[in-house]
Amino acid sequence: MSEISRRKWLQSSLLASSALLMSGPASAAIELSKKNVARFNDELIKLHYNENPWGPSAKAREAVIKALDISNRYPDDLVESLKKEIAQTNQIDPRQIFVSAGSMEILSLLGQHVGLMKGEILTAWPTFPTIVQAGEIAGATTKKVWVDSNERIDLNKLKAGITDKTSLIFLCNPNNPTSTEVDTKDLRAFCRAVPSNVLICVDEAYIEFSNNGLEGSMMSLVNELPNLIIVRTFSKTYGLAGLRIGYAISSQGNIEQLQMRHPGREIAAGVAPLAAALATMKDPAFIKHCVSKNNEGKEIVYNAYKKWGVSHAKSSTSFIYTRHEHFDKDVVPKMKKDGILITKWPDMKDHIRISIGKPSEMEAFVKTIEKYLV
Ligand SMILES: Cc1ncc(COP(=O)(O)O)c(C=O)c1O
């Protein structure tokens with residue numbers, strides 16, 4: 001191949017790959033930035049991203065301001081301090097923790113890892129899709145096991161779906177978007193039954209809202225099962241979604257792999273999110289307040305649904321998975337026009353998802369959605 005034709009070939013394949021990207025994640029990113037126009041409009045009531053309307057806490061705000069003084073430094077010391085705090089809270093070794101700029105980074109890394117091995121992700125469905133999306137882009141196949149008629153993850157069907165091809169099992173508990181959780185004992189037995197060469201990722205983004213409390217966490221299995229990876233975030237109960245901070249807990253071997261593969265080498269979370277996360281961890285009263293206010297918000301919606309005969313799943317999270325059939329088929333765009341953002345992903349099929357905001361926002365939600373009852 002001559003130098004010129006080699007250059008042409010390179011140019012055309014780069015063009016082709018950028019076209020490929022634009023049809024996938026890049027075009028999605030443009031869509032997202034369009035959506036951001038709506039996100040920063042404070043006139044809107046945002047019940048679409050499961051954000052915590054009470055955050056950040058006063059202590060987190062104070063910590064962020066203080067952190068500005070050390071923002072000329074890399075955040076290693078704070079990474080270590082946060083790991084120590086998480087380790088102490090969960091009685092594990094700090095070397096079993098990986099800190100990232102939001103838990104989506106960890107889910108993406110795990111998905112990419114399976115994709116690069118040309119492996120298979122076995123997952124309950126519908127669920128939080130990041131790991132599946134990242135996996136498929138990188139070459140993974142996915143086996144989806146639909147939730148049961150009570151919108152709960154079907155552990156028996158999931159277990160039956162394990163084959164020699166399975167590389168990783170993804171379980172979000174409590175699950176987004178269905179809002180339900182599985183029985184703790186059943187989940188523990190399931191994790192123990194998974195072959196040790198298969199990774200299990202349990203996403204506990206909403207664990208503090210669980211009706212089982214932290215007892216529902218699989219944290220107690222981490223030292224027993226080296227193939228188990230627990231993913232947590234500070235975006236939900238901790239009220240720090242915009243600061244971007246999350247973490248994974250697993251065996252030291254898995255954590256070292258995450259550290260090596262992470263583009264930011266574990267210093268992607270800056271000093272401000274790290275300081276805010278530390279301050280909020282030391283403020284259990286704030287977490288208690290958020291959980292209690294979340295329950296208050298849920299009651300407002302439950303009472304209205306009861307009066308109207310609207311069916312929904314029993315929520316163990318900060319959102320309510322509501323049957324769509326009770327409302328106008330265009331209820332999501334119509335509510336948006338009224339200034340209230342709610343969610344429907346294509347795979348929610350018969351449901352819409354309502355995040356819990358402040359009680360005043362839930363009153364406004366009830367008053368507005370009543371117009372669209374059918
Ligand atoms: C189940 C679940 N996991 C992970 C995330 C992402 O969290 P983060 O903000 O830490 O990236 C979300 C966000 O909605 C979620 O619902």
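**Ligand site, helix packing and backbone features**

In the ligand site of this predicted model, a polar side-chain atom of Asp203 is placed 2.6 Å from a nitrogen atom of the ligand. Two further polar contacts involve oxygen atoms of the ligand. One such oxygen atom lies 2.7 Å from a backbone N or O atom of Ser103, and an N or O atom in the side chain of Arg244 is likewise found 2.7 Å from an oxygen atom of the ligand. On its own, the ligand has 400 Å² of accessible area, of which 94% is covered by the protein.

The shell around the ligand comprises 14 residues, and those that come nearest are Ser103, Asp203, Tyr206, Thr233 and Ser235. By residue class, this shell consists of six nonpolar, five polar and three charged residues. Helix α5, which spans residues 103-116, supplies the largest share of the shell, with three residues.

Two packed helices are described by the angle between their axes and by the distance between those axes. For helix α3 (residues 58-67) and helix α10 (residues 271-281), the axes come within 8 Å and cross at roughly 145 degrees. The crossing of α3 and α10 is right-handed. On the α3 side, the contact is formed by Lys59, Ala60, Ala63, Val64 and Ala67; on the α10 side, the participating residues are Val271, Ala272, Ala275, Ala276, Ala279 and Thr280. Nine of the residues in the contact of α3 with α10 are nonpolar, while one is polar and one is charged.

Several features of the backbone were also examined. Most peptide bonds are trans, and most residues other than glycine have a negative phi. Against this background, the peptide bond that joins Gly55 and Pro56 is cis, with an omega of about -10 degrees. Pro56 belongs to the loop between β1 (45-46) and α3. The loop between β1 and α3 also contains Asn50, a residue that is not a glycine but nevertheless has a positive phi of about 55 degrees.

A cis peptide bond is likewise present from Asn173 to Pro174, where omega is near -10 degrees. Pro174 is located in the loop that lies between strand β5 (166-172) and helix α8 (184-193).

Conventions
Residues are numbered from 1 along each chain as its sequence is written. This is a predicted model: local features need pLDDT of at least 70, side-chain atom pairs count only at pLDDT 80 or more; totals for chains, interfaces and linings use all residues. Side-chain values use heavy atoms; hydrogens and water are left out. Axes are lines fitted to C-alpha atoms, for helices over the stretch in contact, and angles run from 0 to 180 degrees between N-to-C directions. Helices (H or I, at least four residues) and strands (E, at least two) are DSSP runs, numbered from the N terminus. A crossing is left-handed if the near helix is turned anticlockwise from the far one by less than a right angle, and right-handed if clockwise. Contact means heavy atoms within 4.5 Å. Ala, Val, Leu, Ile, Met, Phe, Trp, Tyr, Cys and Pro count as nonpolar, Asp, Glu, Lys and Arg as charged, and the others, Gly among them, as polar. A residue is near a molecule or strand if one of its heavy atoms lies within 4 Å of it. A polar contact is a pair of N or O atoms within 3.5 Å; within protein, one must be able to donate a hydrogen and the other to accept it, and residues adjacent in sequence count only if both atoms are side-chain atoms. Accessible areas come from the Shrake-Rupley method with a 1.4 Å probe; for residues, only the protein chains shown count as cover.
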